[in-house]
Structures are given as C-alpha cells and as structure tokens.
Amino acid sequence: MRLKTKLIHAGNESDPQTGAVTVPIYQVSTFKQDSIDSNKGYDYSRAGNPTRSAVERYIASIEDAKHGYAFASGLAALSAILMTFKAGDHFIVSNDVYGGTFRLLNQVFNRLDLTSTFVEATDIDDIKSNIRPNTKAIFIETPGNPLLKVIDIEKVSKLAKENDLRLVVDNTFLTPYWQNPLSLGADIVFHSATKYLSGHSDVLAGVIAVNDDQLAEEIGLVQKAVGAVLGPQDSYLLLRGMKTLGIRMEEHEQNTKRIVEYLDAHPKVKKVYYPGLASHPGHELSKKQSRGFGGVVSFEVEDQNQVDQILSKLQIFQLAVSLGAVESLISVPAKMTHATIPGDRQQELGISKALLRISVGIEDADDLIEDLDKALQ
Ligand SMILES: *Cc1c(COP(=O)(O)O)cnc(C)c1O
C-alpha cells in the first residue's frame, strides 16, 4: 500500500461488532475474561486498549516499522526509550534538540546516572570523539530546533552500528510523510504526536516505531510497567488527525515556501533558517534524506527590541509554543521553548534573543504574508 492510502486506512480494522468504519473510543479500563487464562486480546487498558492499539498499528504502518507504541506525550515516549537503558549508561545527543528533551536528560535522567554529552551532530567527528566505553546510544533530532540544522541520519547510523550504539531519531518536524529515519538506519524513531501527527492543537501524545523485536519488547515492557500510555479519547483524536497528515503537510510546505521567500527578501530580516533555502548548509543533505523541508522556519531580526513590536502587531500568527498544527504560531525560542537552556549555552548554540520561530499553518499564504508584512513595518 502506498503512503497516501495508508494514511486513510492504516490501523483501521472495521469494528467486528458493528462494522463501524472508524475505530470507536473504547472508554474502558478493564475487560471481561472468558476464563482465568483466556481473554479477547485485552485485559487492562494500561497493557492494551483497542483504540490505542489502532494508533500503534497506524504509526508502525506509516513509519514502515514492525512495532508501534503510543504514549501520553512526546516526552513520555522519550522517557520510555530512556528507561530501556540502565544506570551508568551514557548518551550522545545533538545540540539542537527540543528544550524539553534537554531538560529531561539534564534534570531528571542524570539523577538516575544516565548521562548525556551534547555535541554538534552535523559534524560526525564531534560525535565520534565523544564516544566513551559506556556510551550506549546516539539521540538526534533533524531538522533541529530552533535552527533547523540537518544531520546526516545515514552517516550517523553507520557510526552507531560500528560502535554497537542505538540510534534514536526524533522525527517530529518532518513526520513520516517527509522522512523515514528507520529506512535510513535508525533503530528507534519517536514523535511528539502533539504536533503534525495530530495537527489540530487539541491533544498531547507521543509515539514510537521500531523494527527490532527485542527492542520492541523492551519498550513494550516499560510502557506497561510505567504506564504513561495514551488514553482512548486522545488516541481517537490522534487517529482522526493523522488521516489528513498528507494534505496538511503538502499545504504547510507550499505556504512555508512562500513565507520563506518573503522573509529572505525582507530588509529587516537578518537571517532566515530553513533547509529549503539553497543557501542553508543542510539543503543538499535534506534533499537527499527527506522528501520535504517542513513547515517550521526561524528568522532573526536586527535587534531584540524589535521582537516585542513585531509580536504585538501580528493578528493571524498567535504567540504560542508548539508547532505543527493547522493554525500559524510564532514563538521566541530563547524565552519560550528553549528557556530551560542556560543563557550562555543559548549563545553558544546561536539561539539569539532576536530569533523568532514560526510554525506555518494552512491558512491562505497571502494573509500570512500580509500579517508578517504589517508587523515587520
Ligand atoms: C514538542 C516536542 C517534543 C515534546 O513532546 P510533547 O508532546 O510536548 O511531550 C519533543 N520533540 C520535539 C521536536 C517537539 O517539538
């Protein structure tokens, strides 16, 4: 089955009781057993729920993976991945990760003696030189956040295999519609499904896809044992959202292209960060490993004092964290999504206070450009 057909039908087994063509919300915690050692495939909703199972089959299908898992948030999914490791293990993590990922590693899992070294993962030598005897995995996010740096998934996966490390890729920004890290050699792919996968700013969710049976079992164990699972209502919303992933991603892409052209030519815009720009250092690599560039773009204005003025004039773009939904959002990474990263470290990473990040929605591009144009004046 091709992707566009999968997006409509994956995970969907028409309801055996009624023939309902969408997956019902099984709002239930426990399931009556036929006898003490026999049930109908479900016994308790932490271990499995039919609505959640549909999400799990769906994400496996669209990532071309054997196994899928759904969690209460992207960070709950990442936590489950981290819990498959043990105290003393070390990770190499790309610099340009989501602020919450940085916080989870640096303020929570470090206390369990799982340590991380943050590296410039666009430079394979920087990864290589930080591998220690106890290094067990490499975590990357590409394109990165908020500077949209592009990391070579295939190259990193080769290095990971040579050193017996797991490669984990956060595929939130491009989604399986544009990029499939497993087919490029990653071992685990995860998403904040809160973003493009659900697509409507109405649900928090996280998903994982893997091919390896052993790895799947380890993640499944953590999911059941820890229990940060996606509830049936949210599973339903996520399923409903994902059906339109393809047409939404196409629209985000078209609109973003127009906005990037506009911003790139604007005299008050100092720099635009978007892998679709031929001048972006990751442009060629991005074309090689992905089918699209996505709907997130960051840009820097001359002076941080202009930021408040711009934000106060915008009418369609809403000031909010998050991304990947139908409505356009704007944020200031240094003070919002990446505020948990200390100031000097932000500077090192190039996250300036004059940097704005937009998540381009699927409104009419002319309205979006007019909105930005008024604000930039
Ligand atoms: C939002 C986000 C996360 C965290 O996901 P939640 O659903 O908010 O827990 C992780 N990675 C990226 C790239 C994100 O944008």
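This is a conversation about one residue, two cavities and a ligand in a predicted model.

Biologist: Why is Ser192 called buried?

Modeller: Buried means under 20% relative accessible area. Ser192 has 13%, so the word applies.

Biologist: Where is Ser192 placed?

Modeller: Ser192 is in strand β6, which covers residues 188–192.

Biologist: What makes Gly74 a contact of Ser192?

Modeller: Contact means heavy atoms within 4.5 Å. The C-alpha atoms of Ser192 and Gly74 are separated by 3.8 Å, and a C-alpha is a heavy atom, so the pair counts as a contact. Along the chain, Ser192 and Gly74 are 118 residues apart. Leaving out residues up to four places away in sequence, Ser192 also touches Thr172 and Ala205.

Biologist: Which residues come nearest to the ligand?

Modeller: There are 13 residues around the ligand, and Gly74, Asp170, Ser192, Thr194 and Lys195 come nearest.

Biologist: What makes the approach of Asp170 to the ligand a polar contact?

Modeller: A polar contact is a pair of N or O atoms within 3.5 Å. An N or O atom in the side chain of Asp170 is 2.7 Å from a nitrogen atom of the ligand, so the pair qualifies.

Biologist: How do you know that Leu75 and Ser73 qualify too?

Modeller: By the cut-off of 3.5 Å. For Leu75, a backbone N or O atom lies 2.9 Å from an oxygen atom of the ligand. For Ser73, an N or O atom in the side chain is 3.5 Å from an oxygen atom of the ligand. Both pairs therefore count as polar contacts.

Biologist: How do you know that there is empty space inside a structure?

Modeller: Rolling a probe the size of a water molecule over the atoms shows where empty space is left. Here there are two cavities of 30 Å³ or more. The largest cavity has a volume of about 50 Å³, and the second largest about 30 Å³.

Biologist: Which residues line the largest cavity?

Modeller: Leu78, Val97, Thr101, Phe139, Ile140, Glu141, Asp170 and Phe190. Strand β4, residues 135–141, gives the largest share of this lining, three residues.

Biologist: What makes two residues of that lining charged?

Modeller: Asp and Glu count as charged. The lining includes Glu141 and Asp170, so these are the two charged residues. The others divide into five nonpolar and one polar.

Biologist: How does the lining of the second largest cavity divide?

Modeller: Into two nonpolar, three polar and three charged residues. Among the lining residues are Asp96, Glu120 and Lys149. Asp, Glu and Lys count as charged, so these are the three charged residues.

Technical notes: Residues numbered from 1 in each chain as written. Predicted model: local features only at pLDDT ≥ 70, side-chain atom pairs only at ≥ 80, totals over all residues. Heavy atoms only, no water. Helix = DSSP H or I, 4+ residues; strand = E, 2+ residues; numbered from the N terminus. Buried < 20%, exposed > 50% of the residue type's maximum accessible area, 1.4 Å probe, protein only. 1 Å grid on protein atoms, 1.4 Å probe; cavity = no way out; pocket = protein on both sides within 12 Å on 5 of 7 lines; lining within 4 Å. Points joined across faces, edges and corners; volume = space filled by probe spheres on them. Near = heavy atom within 4 Å. Polar contact = N/O pair within 3.5 Å; in protein donor to acceptor, adjacent residues only side chain to side chain.
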